[in-house]
Amino acid sequence: LQEQPLAGLRVVITAGPTREALDPVRYISNHSSGRMGFALAEAAAQQGADVTLVAGPVEQSTPMGVTRLDVTSAQEMKTAVDQTVAAGTDWFIATAAVADYRPVAVADQKMKKEAGTDSPVIELAENPDILAGVAALTEQRPLTIGFAAETRNVAEYARDKLTRKGLDLIVANDVATPGLGFNSDSNAVEVFWADGSERFEARPKRELARDLIRLFQSHQSNRLPQ
Ligand code: C5P
């Protein structure tokens, strides 16, 4: 029988990319696989947590015991997260690669190429920051954990994000390292919090997920009761 150290803990995790429609057949998105978020959901559920995984469009099967909410756009992801968090959440973990911008206008018919006219210009609007929104809650605020994919100055940018978004912890990875991070099975990360940090050398994402859950647990137990 597996130990259930997270029994009763309510965890909400975002994972995967978001897809921002241009017209009924086209969109703007990115290559996020969702693997890290799904691995965290699996690890937390295995330890008895009550896990809700808010997933963008990904090719991943739902880990056993996890409640999965499928969404497409950043705005849909935000609605699903805000509703779930409002119902009571202990940890919010944002691994999703949310599109920073969405097309302002979504054409209701497929856009046609028109000979002899200028190339179209796509106007973009900024998407809401889902993670910063949860971190800014003043009531029922969960332990709030962000992820940062950086290609340089990893520690400096991660610490800046930690402060700017008001997070408890940030997990930073250097996506410039070949074979690690984005769309790969392994990851090496450094986690930062207000007065400390810890480095996790390269290991499979499922193993890293278990190690990260253990670290989050130590921060949970340091928290004052809300
Ligand atoms: O600012 P940046 O996109 O690098 O921050 C990454 C972190 O913020 C990740 O945890 C990501 O899931 C989260 N995020 C979010 N909503 C956005 C943009 C990023 O939740 N619109």
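Which helix and which strand each supply at least two residues of the shell around the ligand? In this predicted model, these elements are α3 (130-135) and β9 (143-150). The ligand takes up the space of the largest pocket. Around the ligand lie Ala94, Thr95, Ala96 and Val98, followed along the chain by Pro128, Asp129, Ile130 and Leu131, and then by Gly146, Phe147, Lys161 and Lys165. By class, this shell comprises 7 nonpolar, 2 polar and 3 charged residues. Asp129, one of the residues around the ligand, is placed in the loop between β8 (124-126) and α3.

Polar contacts to the ligand involve both backbone and side-chain atoms of the protein. A nitrogen atom of the ligand lies 2.8 Å from a backbone N or O atom of Pro128. For Phe147, a backbone N or O atom is found 2.9 Å from an oxygen atom of the ligand. In the case of Lys165, an N or O atom of the side chain is 2.9 Å from an oxygen atom of the ligand. Of the 450 Å² of accessible area that the ligand has on its own, 83% is covered by the protein.

The pocket may also be set against the UniProt record. The unreviewed entry places the feature "binding site" at Asp100, Lys110, Pro128, Asp129, Ile130, Leu131, Phe147, Lys161 and Lys165. These positions span 66 residues in sequence, and their farthest two C-alpha atoms are 38.1 Å apart, so the annotated residues do not all gather at one spot. Of these residues, Asp100, Pro128, Asp129, Ile130, Leu131, Phe147, Lys161 and Lys165 are included in the lining of the largest pocket.

Conventions:
Residues numbered from 1 in each chain as written. Predicted model: local features only at pLDDT ≥ 70, side-chain atom pairs only at ≥ 80, totals over all residues. Heavy atoms only, no water. Near = heavy atom within 4 Å. Polar contact = N/O pair within 3.5 Å; in protein donor to acceptor, adjacent residues only side chain to side chain. Areas by Shrake-Rupley, 256 points an atom, 1.4 Å probe, with all protein chains shown as cover. 1 Å grid on protein atoms, 1.4 Å probe; cavity = no way out; pocket = protein on both sides within 12 Å on 5 of 7 lines; lining within 4 Å. Sits in = over half its atoms within 2 Å of the grid points. Helix = DSSP H or I, 4+ residues; strand = E, 2+ residues; numbered from the N terminus. Nonpolar A, V, L, I, M, F, W, Y, C, P; charged D, E, K, R; others polar. UniProt positions renumbered as here; feature names shortened; annotations may be inferred.
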